[in-house]
Amino acid sequence: MLDALGMTASATAFGLVYGLAARQGGFSIVEMLAMSVFVLAGAAQFAAIGLVTQGVPWAAIVLLTALLNARHLLYSAALAPWLALRGRLPRAAMAHVLTDETFALTLPLFRRLGRADVPGYWLASAFIVPPWIVANLLGYLGGQSIPDPHRLGLDIVFPAAMAGIAVGLIGGRRELVAASVGAIVAVSVGLLAGTALGIVAGGLLGPLAGLLVPGRVAGDAGPGAAGAADRPTEHGDDPAMGLAD
Amino acid sequence: MSLDLVLLALLMGAVTYPSRAVPLLAPGVERLPPIALEYLRLVGPGVLAALAAVNVVVVGTGGSAPTGPHPVEILAVLAAVVVVRWRHSVFLGIVVAVVIVALTRALLPT
């Protein structure tokens, strides 16, 4: 729960900044909210403000958005085995709120429980999406009076949370190698070709390097684990467990 | 009130949603070979570490040019990692990182 609140603080702080930036970029309040509702991806939304104000053609903005958000393919693929037995409609709805933060909160939850927790997934997204949109509105309507999140150090919340959750997922050598190589590749490619490509390259190659580590070690668990007890199950979505713990 | 950019938002959403939905909706994911499932299991730590590293070492999100390493932010994230490993609390790690960065910026304004 505390981890989720940390994410909420991060989303709120940057939601305020996004709202303010959108106003300064000449977006109407409906246009600003449309971005948050239909795109729901902070980096792409911030980028769009800068690109629109610079007069970049829409086709280029859409292309860049696709590239920036390609990392969601990895999140979706990682959650897919856990949710494979759910209905298509619920999965389709869940996909729309699959953000960095939702993924970071729910994957450890699923792994801890040893099964999918759909109410937990929605609760995780509730910690992120409504605060993000409310903060957008507050930032748009009164952002000038809000203290600078950068000065308060709130810009470090997101990377610290991502790193902390990655560490929490490390239960063996394979995860350790996947995380280490993922970070190294992301930085190397990111410095050469931009952050979006770096994240995707790290997210693709890190796990590949992890697979090269021979054998399984104690602590490895999840949908790929050999034991049946580690596989996600169809039953048991108990809202009393998981994030509410 | 301008509504022109609502169409742009819809287009941006249209290219974002498939990346979120296609793997989740693809049939037969549960029947993937064990090696593929193991790969997917490792995507979590791999991509989250990549996100964290890029955000403190590369920065320049949104397609802007990379700005290079940020030592204080790197130190803060490393401190958070140590705290999370030691205390098993991501929240505590976040608090430590924020305090380090906020104090440094207050004491050493650029």
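**Helix H11 of chain A and its surroundings**

Helix H11(A) runs for 17 residues and spans 24 Å from its first C-alpha to its last, close to the 24 Å expected at 1.5 Å a residue. The model is a predicted one, and everything below is computed from it. Quite a lot of H11(A) is tucked away: A:Thr195, A:Ala196, A:Gly198, A:Ile199, A:Val200, A:Gly202, A:Gly203, A:Leu204, A:Gly206, A:Pro207 and A:Gly210 are buried. What do these buried residues pack against? Within chain A the partners are helix H4 (58-68), helix H5 (71-83) and H10, and from chain B helix H2 (34-58) joins in.

Take the partner from chain A first. Helix H10 (residues 173-193) packs on helix H11 (residues 195-211) at an angle of about 150°, and the two axes are 6 Å apart. With angles over 145° counted as roughly antiparallel, H10(A) is therefore roughly antiparallel to H11(A). The crossing of this pair is right-handed. As for who takes part, the contact of H10(A) with H11(A) is made up of 16 nonpolar, eight polar and two charged residues.

Now for the partner across the chain boundary. The axes of H11(A) and H2(B) come within 7 Å and cross at roughly 140°. That angle falls short of the antiparallel cut-off of 145°, so H11(A) counts as oblique to H2(B). Here too H11(A) makes a right-handed crossing, this time with H2(B). On the H11(A) side, the contact involves A:Thr195, A:Gly198, A:Ile199, A:Gly202, A:Gly203, A:Gly206, A:Pro207, A:Gly210 and A:Leu211. H2(B) answers with a set of residues including B:Ile35, B:Glu38, B:Tyr39, B:Leu42, B:Gly46, B:Ala50 and B:Val58. Sorted by class, the contact of H11(A) with H2(B) holds 13 nonpolar, seven polar and one charged residues.

That helix pair is one piece of the contact between the chains, which takes 94 residues from chain A and 71 residues from chain B. Which helix gives the largest share of the chain A side? That would be helix H9 (residues 157-169) of chain A, with 13 residues. By class, the side of chain A that touches chain B comes to 63 nonpolar, 22 polar and nine charged residues.

Stepping back to chain A as a whole, the picture is one of helices: there are 11 of them and zero strands. Of the 245 residues in chain A, 57% count as buried. Contacts also reach a long way along the sequence: among those in chain A between residues at least 6 apart, 76% join residues at least 24 apart.

Two loop residues deserve a look for their backbone angles. Most residues other than glycine have a negative phi. A:Leu40, however, has a positive phi of about 50° although it is not a glycine. This leucine, A:Leu40, sits in the loop between helix H2 (29-38) and helix H3 (42-53) of chain A. In chain B, B:His88 likewise is not a glycine and has a positive phi, about 55°. B:His88 is found in the loop between helix H3 (71-87) and helix H4 (90-107) of chain B. Are these two loop residues buried or exposed? A:Leu40 has 25 other C-beta atoms within 10 Å, and since 20 or more is the cut-off, A:Leu40 is buried. B:His88 has 12 C-beta neighbours inside 10 Å and 12 or fewer means exposed, so B:His88 counts as exposed.

Note on methods:
Residues numbered from 1 in each chain as written. Chains lettered and ligands numbered in written order. Predicted model: local features only at pLDDT ≥ 70, side-chain atom pairs only at ≥ 80, totals over all residues. Axes fitted to C-alpha atoms, helices over the stretch in contact; angles between N-to-C directions. Helix = DSSP H or I, 4+ residues; strand = E, 2+ residues; numbered from the N terminus. Parallel < 35°, antiparallel > 145°, perpendicular 65-115°, else oblique. Left-handed = near helix turned anticlockwise from the far one by under 90°. Nonpolar A, V, L, I, M, F, W, Y, C, P; charged D, E, K, R; others polar. Contact = placed C-beta atoms within 7 Å. Expected span 1.5 Å × (residues − 1).
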